[in-house]
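These are my notes from going through one model. I looked up the overall fold, then the pocket, then the surface.

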Amino acid sequence: MVRFLISVGLHLLANAIGLLVAAWILPDMSMDGLSLVMAVLIFTVVEVIAQPLLRKIAVKNVEALVGSVALVTTFVGLLVTEIFSDGMDINGLSTWFFATVIVWLAALLAAIILPALLLKKAVEEHRN
């Protein structure tokens, strides 16, 4: 149970970092601080639900698309979050494209780096 909660926490944190990086880089993407929590929750729930469904559809119908499922899931997550969150706004086709790529990449890097940093910290604390 502890591992699951840590995994959920890391996933939420990685998605928050991805959304913040995209909003910081892209001038046509905005997010106010108060709605960040709601946007991260909506985005993460949509990702968790959509990813297995989209992967199953891709494997069944078009196997060549299996590798791009994460990007499509990120786009769907952004779309649903933008619709249901009052505090997030994405304007323009190019902003949607770059927001999808930036959120996906930043969240991926955060999901790789954060556990390594936490593991390093835990090992150092255990040594002391």
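What share of the 128 residues in the protein chain is buried? I get 34% as the buried part of the chain. I note at the outset that the model is predicted.

Entry 1, the fold. I counted the secondary structure elements and found 4 helices and 2 strands in the protein chain. Reading along the sequence, I wrote down the pattern α-β-α-α-β-α. I then looked up the extent of the C-alpha trace, which spans about 50 × 40 × 25 Å along its principal axes.

Entry 2, the largest pocket. I have its volume as about 200 Å³. I listed the lining of the largest pocket and it comes to 14 residues. His-11, Asn-15, Glu-47, Ala-107 and Leu-108 are the lining residues that lie nearest the pocket centre. Sorted by class, I have 9 nonpolar, 4 polar and 1 charged residues in the lining.

Which helices each supply at least two residues of this lining? I find H1 (2-25), H2 (33-61), H3 (69-84) and H4 (93-127). H4 gives the most, with 5 residues.

Entry 3, the nonpolar patch. I looked for nonpolar side chains grouped on the surface and noted a patch formed by Leu-105, Leu-108, Leu-109, Ile-112, Ile-113 and Leu-117. Together these residues have about 530 Å² of accessible area. Leu-108 is thus on two of my lists: it is one of the residues nearest the pocket centre, and it belongs to the patch.

I checked two patch members one by one. Leu-105 is in helix H4, and I have its relative accessible area as 39%. Leu-109 also lies in helix H4, with a relative accessible area of 43%. Why do I enter Leu-109 as partly exposed? I do so because its 43% falls between the 20% limit for buried and the 50% limit for exposed. Leu-105 is entered as partly exposed as well, because 39% falls between those limits.

I also took a distance from Leu-105 to His-11, one of the residues nearest the pocket centre. The two are 94 residues apart along the chain, and their C-alpha atoms are separated by 13 Å.

Entry 4, Leu-93. This residue is found in helix H4. Is Leu-93 buried or exposed? I enter Leu-93 as exposed, because its relative accessibility of 75% is over the 50% cut-off. From Leu-93 to Phe-43 I have 19 Å, C-alpha to C-alpha, with their positions 50 residues apart in sequence.

Definitions and conventions: Residues are numbered from 1 along each chain as its sequence is written. This is a predicted model: local features need pLDDT of at least 70, side-chain atom pairs count only at pLDDT 80 or more; totals for chains, interfaces and linings use all residues. Side-chain values use heavy atoms; hydrogens and water are left out. On a 1 Å grid over the protein atoms alone, a cavity is a set of points where a 1.4 Å probe fits but cannot get out, and a pocket is an open set with protein on both sides within 12 Å along at least five of seven lines; lining residues have an atom within 4 Å of a point. Grid points are joined across faces, edges and corners, and a volume is the space filled by probe spheres set on the points. Ala, Val, Leu, Ile, Met, Phe, Trp, Tyr, Cys and Pro count as nonpolar, Asp, Glu, Lys and Arg as charged, and the others, Gly among them, as polar. Patches are made of residues with over 30% relative accessible area and no salt bridge: like charges are joined within 9 Å, nonpolar side chains (Val, Leu, Ile, Met, Phe, Trp, Tyr) within 5 Å. Accessible areas come from the Shrake-Rupley method with a 1.4 Å probe; for residues, only the protein chains shown count as cover. A salt bridge is a side-chain nitrogen of Lys or Arg within 4 Å of a carboxyl oxygen of Asp or Glu. Buried means under 20% relative accessible area, exposed over 50%, partly exposed in between (1.4 Å probe, protein chains only).
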